[in-house]
Amino acid sequence: MQYTAEYLESQGETAQSMQPTRSLQVMARLAISQLHQLVPCRQASLVKFDREAGSATILATYTIGEPPREKATRLPLEVLALAPEIWQGEVHLTGNLLNLSNPSRALQALQAEGVCCYLSVPIVGHPEDFRPAKAPILGCINIGADTPDAFTPEHIHWACDVASMVAAAIGQAVLYQQAQHQVNELEQHLAERTAVETELISSVQAADEQLQQKAKEQQQLEAVVRRQAQKERLSVTISQQIRHSSSLQETLNMAASEVREAMQADRVLIYRFAEAWSGSIVVESLASGWISMLGFSLREPCLSSDPYLSRYQRGRFQAIEDTSTVNLEPAHLELLEFFGIKSQLIVPLLVGEELRINPAQKTLDSQPSNSPSKLWGLLIAHQCESSRQWQPFEIDLVTSVTTQLETAIQQSRLCEKVRQLNADLVRQVEDCNEQLQQVLEFEAMLQRITDKACNSLDETQILQTAVQELAEVLGIEECSSAVYSADRTTVTLCHEHSTSSPPSPRSRPMADFPEVYCQLLQGKEFQFCQAGSNNLQGKAAILACPISHGDEILGDLWLFKQSEDNFNDLEIRLVQLVTHHCAIALRQARLYKSAQNQVTELAKLNELKDDFLSTVSHELRTPLSNMKMAIQMLAISLNQETGFFAELTKPEAERSKLARYFQIVRNECEREIHLINDLLELQQLDAGSQTWAPAIIQLQRLIPQIVEPFEDQTRNCQQVLQLEMAPDLPDLFGDPSILKRVLAELLTNACKYTPAGEQITVDVVTVGDRVQFSVTNSGAEIPSEELNNIFKKFYRIPKADRWQQGGTGLGLAVVNKLTERLGGTIQVKSEAGQTCFTVDLPINGPSQTS
């Protein structure tokens, strides 16, 4: 940015006018006066904040047409409605107030006064604690212009420069006011004293002495202020070093150098105590021309013997103006003369609470607050060129430095403890990782055992897998598994893993080890140490765990180790889980074996049943055929004698007893013959011996022929029979007799179980390369829980035959077998008051595999 001559001249005038000014109102008026010459403004104000009191003071204002005026108007902060940017130390600019949709009351007031463009510049003070992020906001400069977008970047920069000078002036004014306040207090004190002296001494000499005294006190006050500033500067420097450096040695070196420079001493050193109150010089700051003491190990009576040591332990300092006039030990005087020490100031370094690590809670704990502080070392200042009278402010300066160094020592100890704690935590994390890895290995082993147990139903293989996996994962010398007899008297060894021991006996009585198997039979695992050799192979550490499922003890697992490597809790828990998985696997294997035996027995029984039915059917078929022939011959004889055929054509109520009895005998004979035929047909289908006569089936001709015989039957039963066929039905390859039998059986069942007034529908459609035959009857519904049973042999739905039609329960079983013979499937669906049987057949007939 190019600065104009007018701007530079104005900046110089503003700085010069603010330099001697100590009144905030005067400073503010001068700043506003200079600002309105640089920046186009209709009105301007300078505001000072007091955030603790929640208020602000308007120090000066300017309105166009009027000169800048000083003010002291105090207002709450919220009345000013400051922009958030001000508190962040940023400039706030509103180019056109008229464009604001919802302005605050303060902005509305500015609009009413003719302000169109508004600029607010923060007055940012100097950072506190050397942290720029915490720079205080002392106030702000508010400028309003009567034209929109009146402020250019150059105007804003000028305003910011003025705000910076105002911030510096406010700081100077605050310091001046503080000093002025102290001066006023001193003046008041001097005035009171002067009044007393005036009453005693009325001469001009007294007044002159009073003025001299006042000047002297003013000099002393300035000296005190300088010393205080020096002390604060030194304190801040050391605090900054402590905050940013983790090295105690660097902090001690810096502190010694700063103290020597501040006190203008010839030597400043730090003496650290060791065991038995011996010690050494660990830090030294030395002026040129003198002998260095750094690294010397000393055990001087003046430093480590009573009464000096007890004095230091109580926090008391020692100031020696002239070492030649003090009663010291000859050896000590000789040491002082060797290093040219004429005067010295000794201040103790006391470390308060001792930090220690709490291993249980992984924390740093301190001793109780009433515990005595420990003497860590001494901060010593030497004057070598001449004797020196140590002033109180110098002693106070060194004492304040030792206080901060004590904090640094404690911080260093804390860091060391934290590093130690972190190292312990790292070791613990490594231990946890090792345990986690072991747990993962155990989990993988359990998964392998579970997978192999699931894939095997052999008890020996299951236990062999468990033993081998345990021996490999745990790294044990010997592991074995055994199962118990049903009467729990004998133990049979199934598998054994051993690296050195001879094989154990395959079987042994439990009575040989009653104290062992008593606990195992109670489902309790136990670990014990075996001293010497005995029947248990003489292993020192033994773990026995039962293989139990519920209350049933199936067997046990034995693991053997050396005595120096006993089984821990994690390993015991692992063995318990393995035995649990083994128990489940053994139980499943035994259940599977039992189920297989039952299946074999049932298969034999079913085969015997089929043989019996086949034999009975063949034996009954011949006499039933003879009975049917005899019934027919009887009807012919009766017809020749009495016209019996005409009697049979009459309605049932008009028939004679002979005709009714004849009809009953003939129907029951037909029923028994039909039952025998169904049984034989099922036997042939199961055996695969049924004849197969494939042909091309013309469905358009065959289906009506199948349905036609049932029209009279449905009409007599007051049922509605409907046939629906697609006009483009293809020809079907298969056995026509089998298809007729399937559809006829489905229609027979539909007629039998359909109430009067309901409908029976036969529907034939083509779906891709298959033909679907559906027989649906309304008014009857099969329970959903019975749908899976209706195709079983001899199965009849309970309480489903409301009209007592009778039946053998073989019809749907035969239909199912015949449908499979044609290479198709049959499905049933029963809901909403109707039942539908669907037969799905391939157009090209059954496949080769069928």
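Two strands count as a pair here if DSSP finds at least two bridges between them. The model shown in these close-ups is predicted.

**View A. Six strands line up in an open, antiparallel sheet.**
Read across the sheet, the strand order is S3-S2-S1-S6-S5-S4. Which strands stand at the edges? They are S3 (69–76) and S4 (92–94); each has a single partner strand, so one side of each is left without a neighbour in the sheet. On average, and with direction ignored, neighbouring strands here are turned by 20° against each other. For a look inside the sheet, pick out S1 (residues 43–50) and S6 (residues 137–145), which run antiparallel and are joined by six bridges. To find your place along this pairing, start at Leu46, whose bridge partner in S6 is Ile141.

**View B. Helix H2 lies across four strands of the sheet in view A.**
H2 spans residues 24–38. The strands it lies across are S1, S2 (55–63), S3 and S6. Relative to S2, the helix runs at about 45°.

**View C. Cysteines without a disulfide partner.**
A disulfide is a covalent bond between the sulfur atoms of two cysteines. How many disulfides does a search of the whole structure find? The count is zero. Cys582 fits that result, being in no disulfide: the nearest cysteine sulfur belongs to Cys479 and is 9.5 Å away. For a disulfide, the two sulfur atoms would have to lie within 2.5 Å. Is Cys582 buried or exposed? With a relative accessible area of 1%, Cys582 is buried, because the cut-off for buried is under 20%. Cys41 is buried too, at 13% relative accessible area.

**View D. Aromatic rings in pairs.**
Six aromatic pairs turn up in a search of the whole structure. One of them joins Tyr271 and Phe273, with ring centres 5.2 Å apart and planes at 90°, so this pair is edge-to-face. Tyr271 is buried, with a relative accessible area of 0%, and Phe273 counts as buried at 9%. Phe526 and Phe528 make a stacked pair, with 5.6 Å from centre to centre and 25° between the planes. Within that stacked pair, Phe526 is buried, its relative accessible area being 12%.

**View E. A lysine over a phenylalanine ring.**
Look for the charged end of Lys561, which sits over the ring of Phe567. The distance to the ring centre is 4.8 Å.

**View F. Strand S14 is mostly covered.**
S14 takes in residues 374–383, and nine of its ten residues are buried. What does S14 pair with? One partner is S7 (residues 267–273), in the antiparallel sense over six bridges. Along that pairing, Arg272 stands opposite Gly377 of S14. Another partner is S11 (residues 343–351), also antiparallel, over nine bridges. Here Ile346 has Ile380 of S14 as its bridge partner.

**View G. Leu634 in helix H15, with Phe662 across from it in sequence.**
Helix H15 covers residues 569–642 and contains Leu634. Leu634 is partly exposed, with a relative accessible area of 45%. Measuring from C-alpha to C-alpha, Leu634 and Phe662 are 9.1 Å apart in space, while 28 residues separate them in sequence.

**View H. Five strands form an open sheet with mixed pairing.**
The order of the strands is S22-S24-S25-S27-S26. At the edges are S22 (720–725) and S26 (825–831), each of which pairs on one side only. Neighbouring strands of this sheet are turned by 15° against each other on average, direction ignored. Inside the sheet, S25 (residues 770–778) and S27 (residues 834–842) pair in the antiparallel sense over nine bridges. Asn777 is a handy landmark on this pairing, standing opposite Thr835 in S27. Helix H21 packs on the sheet, where it touches S26 and S27, and its direction makes about 135° with that of S26.

**View I. Helix H21 is largely enclosed.**
How many of the eleven residues of H21 (residues 811–821) are buried? Eight are, so the helix is largely enclosed by the rest of the structure. Among the buried residues are Leu812, Val814, Val815 and Leu818, together with Asn816 and Thr819. Just after H21 comes Gly823, which takes a positive phi of about 85°.

Key
Residues are numbered from 1 along each chain as its sequence is written. This is a predicted model: local features need pLDDT of at least 70, side-chain atom pairs count only at pLDDT 80 or more; totals for chains, interfaces and linings use all residues. Side-chain values use heavy atoms; hydrogens and water are left out. Helices (H or I, at least four residues) and strands (E, at least two) are DSSP runs, numbered from the N terminus. Axes are lines fitted to C-alpha atoms, for helices over the stretch in contact, and angles run from 0 to 180 degrees between N-to-C directions. Contact means heavy atoms within 4.5 Å. Buried means under 20% relative accessible area, exposed over 50%, partly exposed in between (1.4 Å probe, protein chains only). Rings of Phe, Tyr and Trp (its six-membered ring) pair if their centres lie within 6.5 Å; planes under 30 degrees apart count as stacked, over 60 as edge-to-face and the rest as tilted. A charge sits over a ring if NZ of Lys or CZ of Arg is within 6 Å of the ring centre and within 35 degrees of the ring normal.
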